[in-house]
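This report goes through one protein chain, from its overall make-up to single residues. Keep the sequence and the structure in view while reading.

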Amino acid sequence: MASPQLQLQVLALLLLLATTATATPTPTLIFLLGGQSNMGGRGGATNGPWDGVVPPECAPSPRILRLSPELRWEEAREPLHAGIDVHNVLGVGPGMSFAHALFRAIPPSTVIGLVPCAQGGTPIANWTRGTELYERMVARGRAAMATAGAGAGARMGALLWYQGEADTIRREDAEVYARKMEGMVRDVRRDLALPELLVIQVGIATGQGKFVEPVREAQKAVRLPFLKYVDAKGLPIANDYTHLTTPAQVKLGKLLAKAYLSTL
């Protein structure tokens, strides 16, 4: 019969193997998701509680992780921004569809890490350097890279940005949007030490005010290197006249993926 010491050693080894087998992997390709409610996700959640419908394009996968509010990697699932986009009813956003759409064109060993940072109802002024939301996004980006292990080959793929509806209320906000967006991008790249970080900006389809077109024109006027533009105009809008429907979010995720893949 084995000695108690040997039995303890065997038990410890078995526990180690079990932990290793069930541990969450770390991502190799990371994406920040910033902006306001249409990035946070309101698909299926504009008539009270979220309807719980998860399209196949948004299903959980062991190859899609998210950075939790506690800065731990976990298997991603809808609503992706749970615990991040606080005090709002959350539904389907573009992040999961985006990740699934990448699978067709990236190596099968790639594990995607999504870092949700969006907060509903926020103007671009709330995302300037020194604000709570900006600093949270940068801190989460740094934590994502640190916990994924940049030395092990993990890299930041892009910042996906969908914001601007709150800047349609006042003309003066729309008029300075391009300048503030350019400043935010420069600051993020500097603070993350990623001077060539790709930013994929979504052109707004709706707004909280009457200056939607001036903000859209300002978004198109942003002139920075390593920046792509994807237009949400024409995608289905929910009956609140503000938020994208679930099918629209699935489509947007695919458009974002196409934009990212075009840079490879």
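The sections below describe the fold, the core, one enclosed helix, the empty spaces and a few individual residues.

## The chain as a whole

The model is predicted. The chain contains 8 helices and 7 strands. It has 264 residues, of which 52% count as buried. Among contacts between residues at least 6 apart in sequence, 77% join residues that are at least 24 apart.

## The nonpolar core

The largest nonpolar core has 76 residues. Which of them touch the most other members? They are F31, F98, L114, W161, M181, M184 and Y260. Helix 4, residues 132-148, supplies the largest share of this core, with 8 residues.

M184 can be followed a little further. Leaving aside its neighbours within four places in sequence, M184 is in contact with W127, Y134, M137 and W161. The C-alpha atom of M184 is separated by 9.4 Å from that of A125, and these two residues are 59 residues apart along the chain. A125 sits in the loop between strand 4 and helix 4. With a relative accessibility of 35%, A125 counts as partly exposed.

## Helix 3

Helix 3 covers residues 95-102. Is helix 3 largely enclosed or open? Of its 8 residues, 8 are buried, so helix 3 is largely enclosed by the rest of the structure. The buried residues are G95, M96, S97, F98, A99, H100, A101 and L102. One of them, F98, is also among the core residues that touch the most other members.

What do the buried residues of helix 3 pack against? Their partners are strand 1 (29-35), strand 2 (64-67), strand 4 (112-116), strand 5 and helix 8.

## A pocket and a cavity

The largest pocket has a volume of about 170 Å³. Its lining consists of R155, M156, G157, L194, E196, L197, L198, F226, Y260, T263 and L264. Strand 5, residues 155-162, gives the most to this lining, with 3 residues. Y260 belongs to the pocket lining, and Y260 is also named among the core residues with the most contacts to other members.

The structure holds 1 cavity of 30 Å³ or more. The largest cavity has a volume of about 50 Å³. It is lined by L33, M39, G40, E78, P79, L80, H81, G91, G93, P94 and G95. G95 in this lining is also one of the buried residues of helix 3.

The table sets out the residue classes of the two linings.

| Lining | Nonpolar | Polar | Charged |
|---|---|---|---|
| Largest pocket | 7 residues | 2 residues | 2 residues |
| Largest cavity | 5 residues | 5 residues | 1 residue |

## Backbone details

Some positions have backbone angles worth looking up in the structure. The peptide bond from E78 to P79 is cis, with omega near -10 degrees. P79 lies in the loop between strand 3 (73-75) and helix 3. Both E78 and P79 are part of the lining of the largest cavity.

A193 is not a glycine, but has a positive phi of about 55 degrees. A193 is located in the loop between helix 6 (177-191) and strand 6 (199-203). Its relative accessibility is 61%, so A193 counts as exposed.

F226 is not a glycine either, and its phi is positive, at about 60 degrees. F226 is placed in the loop between helix 7 (212-221) and strand 7. The relative accessible area of F226 is 40%, so F226 is partly exposed. F226 is also one of the residues that line the largest pocket.

## The surroundings of H243

H243 is found in the loop between strand 7 (227-231) and helix 8 (246-261). Is H243 buried or exposed? Its relative accessible area is 14%. Buried means under 20%, so H243 is buried.

Which side chains make polar contacts with the side chain of H243? One belongs to S37, at 2.8 Å. Another belongs to D240, at 2.5 Å. Not counting residues up to four places away in sequence, H243 touches S37, N38, R42, T46, I237 and A238. S37 therefore appears twice for H243, as a residue that H243 touches and as a polar contact partner, with the cut-off for a polar contact being 3.5 Å.

Note on methods: Residues numbered from 1 in each chain as written. Predicted model: local features only at pLDDT ≥ 70, side-chain atom pairs only at ≥ 80, totals over all residues. Heavy atoms only, no water. Helix = DSSP H or I, 4+ residues; strand = E, 2+ residues; numbered from the N terminus. Buried < 20%, exposed > 50% of the residue type's maximum accessible area, 1.4 Å probe, protein only. Polar contact = N/O pair within 3.5 Å; in protein donor to acceptor, adjacent residues only side chain to side chain. Contact = heavy atoms within 4.5 Å. Core = buried A, V, L, I, M, F, W, Y, C linked by side-chain atoms within 4.5 Å. 1 Å grid on protein atoms, 1.4 Å probe; cavity = no way out; pocket = protein on both sides within 12 Å on 5 of 7 lines; lining within 4 Å. Points joined across faces, edges and corners; volume = space filled by probe spheres on them. Nonpolar A, V, L, I, M, F, W, Y, C, P; charged D, E, K, R; others polar.
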